[in-house]
Amino acid sequence: MAQDPHGSRNMAQVEPLTADEALPARNRRADSDASAAAVTLDRYEIHPGRPLPAYDTPAAACYAVTDTKGARENLMALVARDRLPARMDILPSLRSTDCPFIIKAYRWAAIEWPGGAGRRFAILYSQPGGTAVMPSLASVTPIADDALIENVARPLATALAELSSRGIAHRAIRPDNIYFKDAAHRQVVLGDGAIAPAGSTNSPLFETIENGMADPLGRGPGSIADDLYSLGATLLLLSLGFNPVAGVAPDDLIGAKIAKGSYTALAGSHRVSSVLREAIRGLLADDPKERWTLKELSFWLDGRRLSPIQPTVPPHAGRPYPFCGGEYYSCRGLAHAIARNWAAANQAVREIDLEAWVKRSVGDGKAGDLIAEVLASGGDPARAAEGQVAARLCIALDPKGPLRFKNISATLDGIGPLLCGLAREPNGVQPFAQLIASDLPIAWIDKRYGDGPEARTLVKIVDRLRYFMKRPLPGHGVERCLYELNPALPCLSPMLEPYYVVDADSLLPALEAVAGSNTRPSFPIDRHIAAFIAARFGPEAEDHVEKTADRSDPRKAILAVLRTLSVMQWRLGPPQLPRLTAWMGKLAESIVDGYHQTAFRTEMKAQLERVIKKGSLIELLNFVDDDGARALDENGYRGALANFAAAEAEIDRLSSQDQGMNRRAQAMAGRVAGIISAVVITATIGILMLMRHHG
C-alpha cells in the first residue's frame, strides 16, 4: 500500500495490477505447466497447459476449454488469481443472454488447480474470435470515426441496454476488456465483468470521480451511469489512438478531474474528433444528471443532433486553501486531500479557518455550517485521534463522495469486498470495527441520500452490522460481517482453505475431507466456520453456533458443535459422513465420561463405538444427547448420594451413641474411684488412729 507523507495509508489509489503482475510466482509456475492434466468441470475440460494470455484479465488467467460432448466450440476459462468474491449474482444473466455483443457464460465453479495452487474459482465463457481492441493501455491503435461508431459504440450500446434491462451493470468496460468478434475486426464483444468485485479491475481513468476516489475493492456494483462513463473514456482513447494520461499518477488524475472536469482532464489539449466530441463529452459528464443516458446515446448513434453538454465544474474558490503542502480550490478536492492525510486534518483545519474559507471563498454556506458543527463537536482528543473529525469533514465538504475513514474509502454497498481486502492485513479490520461502531455511516447516508428508500435500506444494513460487531460470540463479530456482505466469498477458515467452500451445501463434505487428514485441528468449528454457517445456513443453526465456545463446560461446546453439524446434515446431507462422525465421536467421549455410574458409563462407551461406525452425525447426537439416559444416570446418582448421606448419618448416630456410652462409663468409673478412694482414706485414717491409740 502507498503511504502518504503523514503515515496514513492510501488504499483508494492503488493502480490495478497488470495481468502478469497480479499472478503470484507459485501460481504462475502452475499456470505454465504444459504437462498438467486437464481439469474436468462437468462435461468440460480446462487445459492448464494451453494458456490463452490474449484474454487474461488483471483478476484472472485464461485457458483453453474443450466440450467433451463436442456441442460447443471456441470456449475459454477465466481462472481467478485470488479469493476475492466473484459477482455470482450477475452470472445467471450472462448465461441466459442471447446478446451477440456480450461473451456468454456457460458454467462456473471452484475447481482443483494443479501445481499445488489449491481450488480456484473459474468461469467458462465463449471465446471471442478476435483479439482485444487495445491489448494494453500503453498500446493503442486509433480507429477511424465511422468504424468506431459502427463497430464499437453501437455494439457496446446494445450490450449495455441488454444488461440494463436485467438490472445489472458491467463495471469493467475499458479498451483491453473489449474484443473483436472476428479476425476481420467487424464489431466487438464485451469481456468479463464477473470474476472480480465490480469496478475493481478498472483504472481510475475509466471510473467516475466518486468511484475513482474509492478503493478499487470498495466501488460497489454501481449502475448503468457508471458504465456509460467508462464507455466515454474508452471511446476517447480509441479515437485519439493513445492514452492521453499515460504516466499520470492515479491520485493526480483524480485531482485533475476534480479541478477541471473529467472531459478536460482526460482530453487535455488533444484534438478530439468533431464527430465523436459530442458523445464523449456527454458520456463523461461528471454530474450524473447531465451524463448521457442510453436513450441519448441511441439518438446520437441514429444521427440525431443533441444539445451540446457544457460540463458543470464544481464551485471554484477565489483563493486556495493550503493543506499538507498543496493548495485546493474546491471542497471536493480538499476532501480528497484530507482523506489521504487524515492524521493531520484536525490540527490543520483549525490553524486556518476552514469554515470561513468555505463560506466566503467557495460561497457554500450550507457546507460551512456543517463544518462549523463538525469542528465544534470535535474537541474531544480521542475523537480526533480516531480520525472521526477528518471523516466528518469529508462528508461535509463532499457529501457525494465515498465514505472515508482512516484507510477506508468506499461506498456502503462496496464495503463488503473492501472488508475482504482489509481482513488479509494485520489489524486491518480494526478501522472497519471503529467505523461501524461510530455514527459516521448514518451521517454519510443522510447527507448523500436524504430520507429516501435507498437510505432506509442502507441504514438497515448498518444496524445489522452493528448488531454483529457488538456480540463477541461465535457466529458474530467481523467474521459474520464478512459473509453477510459477501455472499460469494468462500469460507476463510484455515482448515477449509484448500476446498473453496462457498455455500452451506459444500461445508460438510469439506469437513469430512478435513477429518480424514493428518493435520486436522482439535476442533471442527472455528470463528470463521461459525460465522459462515450462521450467514449461509440461517437461524436454524445460529443458536447452536453461539454456544460452540462455551467456556463454562467444554462438554457443552462439543454438544453445541454436534447439534450444529447434525442439523446441517439433516437438511442438506450427505447421509454418511464416517470420518467427520468419528472425529465428533472422539470428542463426544468426554460427554460419555460425564456419566456417574461406572457400569453405565462402560456400557455407553461400548454403544458409542457402534453408533460412530454408522457414520451419521444425527444418530451420534441422538445417542450422546439422550435425555432419558441422562435422567436415568442422574436419578441413580442422586439415589446413590441419598444412600451415601443416609449411611453417613447412621455412622454419625452410632458414633454419637458410642461417645455417650463412653462418657457414662467414664462418669461411673469416676464415682466408683471416688468411693474407693474415700473408703481407702477412711480405712487408712482408722488404722493410724488405732496405732496411735495403742502406742
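**Rings, charges and cavities**

Arginine 304 sits over the face of phenylalanine 299, at 4.0 Å from the centre of the ring. The model shown here is predicted. A second arginine is placed in a comparable way: arginine 281 lies over the face of tyrosine 263, and the distance to the ring centre is 4.2 Å.

Aromatic rings also pair with one another, and the structure holds 8 aromatic pairs. One of them joins tryptophan 292 and tryptophan 300, whose ring centres are 6.4 Å apart. Their planes meet at 55°, so this pair is classed as tilted. Tryptophan 292 has a relative accessibility of 3% and therefore counts as buried. Tryptophan 300, at 9%, counts as buried too.

Another pair is formed by tryptophan 444 and tyrosine 449, with ring centres 5.9 Å apart. Here the planes stand at 80°, and because an angle over 60 degrees counts as edge-to-face, the pair gets that label. Tryptophan 444 is buried, with a relative accessible area of 1%. Tyrosine 449 reaches 25% relative accessibility, so this residue counts as partly exposed; the cut-off for buried is under 20%.

The last topic is empty space inside the protein. A search of the whole structure finds 2 cavities of 30 Å³ or more. The second largest cavity has a volume of about 90 Å³. Its lining is made up of 17 residues, and those closest to the centre of the cavity are Ala172, Asp192, Gly193, Ala196 and Thr201. By type, the lining of this second largest cavity divides into 7 nonpolar, 7 polar and 3 charged residues.

Technical notes:
Residues numbered from 1 in each chain as written. Predicted model: local features only at pLDDT ≥ 70, side-chain atom pairs only at ≥ 80, totals over all residues. Heavy atoms only, no water. 1 Å grid on protein atoms, 1.4 Å probe; cavity = no way out; pocket = protein on both sides within 12 Å on 5 of 7 lines; lining within 4 Å. Points joined across faces, edges and corners; volume = space filled by probe spheres on them. Nonpolar A, V, L, I, M, F, W, Y, C, P; charged D, E, K, R; others polar. Phe/Tyr/Trp six-rings, centres within 6.5 Å; stacked < 30°, edge-to-face > 60°. Buried < 20%, exposed > 50% of the residue type's maximum accessible area, 1.4 Å probe, protein only. Lys NZ or Arg CZ within 6 Å of the ring centre and 35° of its normal.
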